[in-house]
Amino acid sequence: MAAGVPPDALGRRVSCGTDYGTVRYVGSVSRTAGIWLGVEWDDPQRGKHDGSYEGTQYFKCRHPKGGSFIRPNKANFGVDFLTAVKDRYGLSDQQDVQYGTGNAVVFGTKTVEFVGMDSVAEQQRQVQLNKLVDISVRECAVSHAGQEEEISRTCANMRHINLSKNLISSWETVIAIASQVQNLETLNVSENKMRFPSTSTFISSGFSNLKILALNQTEITWTEVLLCAQGWPVLEELYLSSNNITVLERPDAVLRTLKLLDLSDNQLLDGNQLHLIAQLPRLEQLILRNTGISSIHFPDAGFGCKTKMFPSLKRLAINDNKISQWSSINELDKLLSLRALQCNNNPFMDTEKNPETLIQLIIAKISQLEVLNNCEILPAERRGAELDYRKIFGKDWLEAGGHWNPEKNKPSEEFLAAHPRYPALCLKYGAPEEGELKGRQPLTLKNQLLTLTIKCPEKPEQKPVEKKLPESMTIQKVKGLLYRLLKIPGSELKLSYESSKLEGKEVELDNDLKPLQFYSIESGDCVLVRW
């Protein structure tokens with residue numbers, strides 16, 4: 001092997017300036033002198049070819065222009081972990097230790113207790129390294145663990161390590177570092193394209209206390225996750241974003257303690273892949289943002305029943321997907337523990353032009369939801385949403401076989417599939433009365449916008465705001481809007497309005513189900529909010 005080229009260079013991660021790549025070839029190239037490194041670059045725009053030169057294929061690339069040859073002296077093969085730590089925290093042999101006042105010493109930007117004023121510089125560095133608990137060596141070109149047991153002797157108290165975007169080439173390197181950190185709780189090795197074991201290997205004790213692990217952009221597969229997970233006995237949070245994971249498998253006696261799983265930016269084959277991870281007993285948060293799923297279905301439970309899948313799931317993120325049918329939102333009501341949902345940027349949301357109505361539909365369809373798209377759902381808002389839903393689809397319910405008389409109430413399977421919560425809402429609020437069943441009023445020119453001033457007379461610190469609202473908007477929907485607009489805590493709102501035509505008199509807006517036009521409100525009037 002040529003001077004400056006490590007004996008294990010093939011397959012190693014390297015950097016060249018700000019570019020990262022993987023060595024795919026080491027050797028000579030025809031009609032040139034000396035040794036070359038064939039590198040497949042992470043950013044194909046850095047490359048020039050597919051690994052071939054003058055008709056000879058020296059290595060292969062996934063991208064037709066993702067590779068190039070560089071001289072070994074241009075490649076940075078990285079440093080060991082401890083060297084990176086000393087450099088990052090100003091504790092290397094080349095850097096001076098700056099003394100603070102009293103019993104403190106400043107290392108770079110870190111101020112820690114000073115021990116032994118008479119100690120030599122090396123002892124001082126050793127003491128301060130042992131005090132480090134939270135260490136970040138992101139983008140410090142870490143490529144290997146270093147001498148055996150050196151980390152455990154020097155940094156015995158580390159608990160949280162950020163190793164993201166370095167030059168780590170294999171999971172074995174991560175194990176070699178972690179196995180020397182007795183109480184490691186948090187580890188981030190994202191943005192390191194590395195090799196993972198493909199078969200069951202020796203289970204390291206280095207992760208015996210690990211609670212949080214980030215493996216975003218590491219090219220790990222789900223099969224490799226399950227193999228490595230045998231060494232993560234108490235893991236609670238696992239981040240696997242942007243790994244090209246398409247297929248899931250059922251975890252077998254692993255990940256039993258997992259509370260959070262992030263699979264965002266992986267294009268899953270279909271929504272049914274989720275069934276394979278549905279029995280994780282403690283999973284409370286599942287992040288599926290931009291995973292390409294178009295539907296969600298829990299086949300083990302019928303209308304109005306709860307699924308046995310995801311028994312502990314409280315928070316679900318399905319934003320930026322391809323869900324086009326409201327039936328998938330209906331399915332989410334089957335989740336026993338669901339309390340928070342993020343679902344923005346899905347095609348089903350384009351079926352309703354009025355954003356307030358859209359929010360109300362989701363709230364009404366999922367009975368236990370407390371937070372929607374990061375906004376708290378207040379009790380009054382839920383009540384209004386459910387009453388509106390019951391009224392809006394009342395005609396459909398009657399036409400499908402619904403009836404006020406329980407003995408004659410036999411809505412069709414088709415209606416129940418589209419509105420599985422409707423029977424529960426009738427039990428909760430009573431069947432809708434005939435006078436309520438006017439159906440949804442389309443947004444036309446007749447539904448003119450009213451320009452209203454919103455004031456809080458008992459809260460002078462709250463500045464008046466101007467809003468344009470459809471005259472067909474119900475008082476309940478106005479209240480829901482005001483809860484979010486004014487960030488009002490969970491208390492009952494009381495609305496009234498003043499008009500120049502009423503000579504200073506207030507008219508109470510006392511019926512949540514009536515539209516604004518019922519009260520003869522006009523543009524320029526002032527809505528008064530009290531709580």
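How are α7 and α8 oriented to each other, roughly parallel or roughly perpendicular? In this predicted model, α7 and α8 are roughly perpendicular to each other. Let's start from that pair of helices and work outwards.

## The overall picture

The protein has 12 helices and 27 strands. Of its 531 residues, 48% are buried. Take the contacts between residues at least 6 apart in sequence: 66% of them join residues at least 24 apart.

## Helix α7 and its two partners

Helix α7 covers residues 355-365, and its axis comes within 8 Å of the axis of α8, with a crossing angle of roughly 90°. An angle from 65 to 115 degrees counts as roughly perpendicular, which is why α7 and α8 earn that description. On the α7 side, the contact is made by I359, Q360, L361, I363, A364 and K365. From α8 come E381, R382, G384, A385, E386, D388 and Y389.

Helix α7 also packs with helix α12, residues 475-485, at an angle of about 95° and with the axes 11 Å apart. This pair, too, is roughly perpendicular. Here E356, T357, I359 and Q360 in α7 meet K477, G480, L481 and R484 in α12. If you have the structure open, I359 and Q360 are handy places to look, as they are listed in the contact with α8 and also in the one with α12.

## Helix α12, mostly covered

How many of the 11 residues of α12 are buried? The count is 9, so this helix is mostly covered. The buried residues are I475, Q476, K477, V478, K479, G480, L481, L482 and Y483. Their cover includes the helices α7 and α8, together with the strands β23 (449-455), β24 (465-470), β25 (494-498) and β27 (526-530). After α12 comes K487, which has a positive phi near 50°.

## Helix α11, buried along one face

Helix α11 spans residues 422-429, and its buried residues are Y422, L425, C426 and Y429. Viewed down the helix axis, these buried residues fall within an arc of 100°, so they line one face of α11. The spacing fits a general rule: an α-helix has 3.6 residues a turn, so residues three or four places apart point the same way. The buried residues of α11 pack against three helices, namely α8 (379-392), α9 (394-399) and α10 (413-418). Just after α11, G430 takes a positive phi of about 90°.

## Loop residues worth a look

Most residues other than glycine have a negative phi. Two loop residues that are not glycine take a positive value here: E139, near 55°, and N345, at about 60°. E139 sits between β11 (134-136) and β12 (142-144), while N345 is found between β20 (340-342) and α7.

A further loop residue, N244, lies between β16 (237-239) and β17 (260-262). N244 and N266 are 22 residues apart in sequence, yet their C-alpha atoms are 5.0 Å apart in space.

S169 belongs to the loop between β13 (160-162) and α4 (171-178). Its side chain reaches the backbone nitrogen of R13 at 2.8 Å. Beyond its neighbours within four places in sequence, S169 is in contact with G11, R12, R13, K193, M194 and R195.

The table brings together the accessibility of these loop residues and of two cysteines.

| Residue | Relative accessibility | Class |
|---|---|---|
| S169 | 6% | buried |
| C61 | 17% | buried |
| C140 | 18% | buried |
| E139 | 45% | partly exposed |
| N345 | 54% | exposed |
| N244 | 66% | exposed |

Buried means under 20% relative accessible area, so C140, at 18%, counts as buried. C61 is buried as well, at 17%.

And how many disulfides does the structure hold? There are 0.

Technical notes: Residues numbered from 1 in each chain as written. Predicted model: local features only at pLDDT ≥ 70, side-chain atom pairs only at ≥ 80, totals over all residues. Heavy atoms only, no water. Buried < 20%, exposed > 50% of the residue type's maximum accessible area, 1.4 Å probe, protein only. Helix = DSSP H or I, 4+ residues; strand = E, 2+ residues; numbered from the N terminus. Arc of directions from axis to C-beta. Contact = heavy atoms within 4.5 Å. Disulfide = S-S within 2.5 Å. Polar contact = N/O pair within 3.5 Å; in protein donor to acceptor, adjacent residues only side chain to side chain. Axes fitted to C-alpha atoms, helices over the stretch in contact; angles between N-to-C directions. Parallel < 35°, antiparallel > 145°, perpendicular 65-115°, else oblique.
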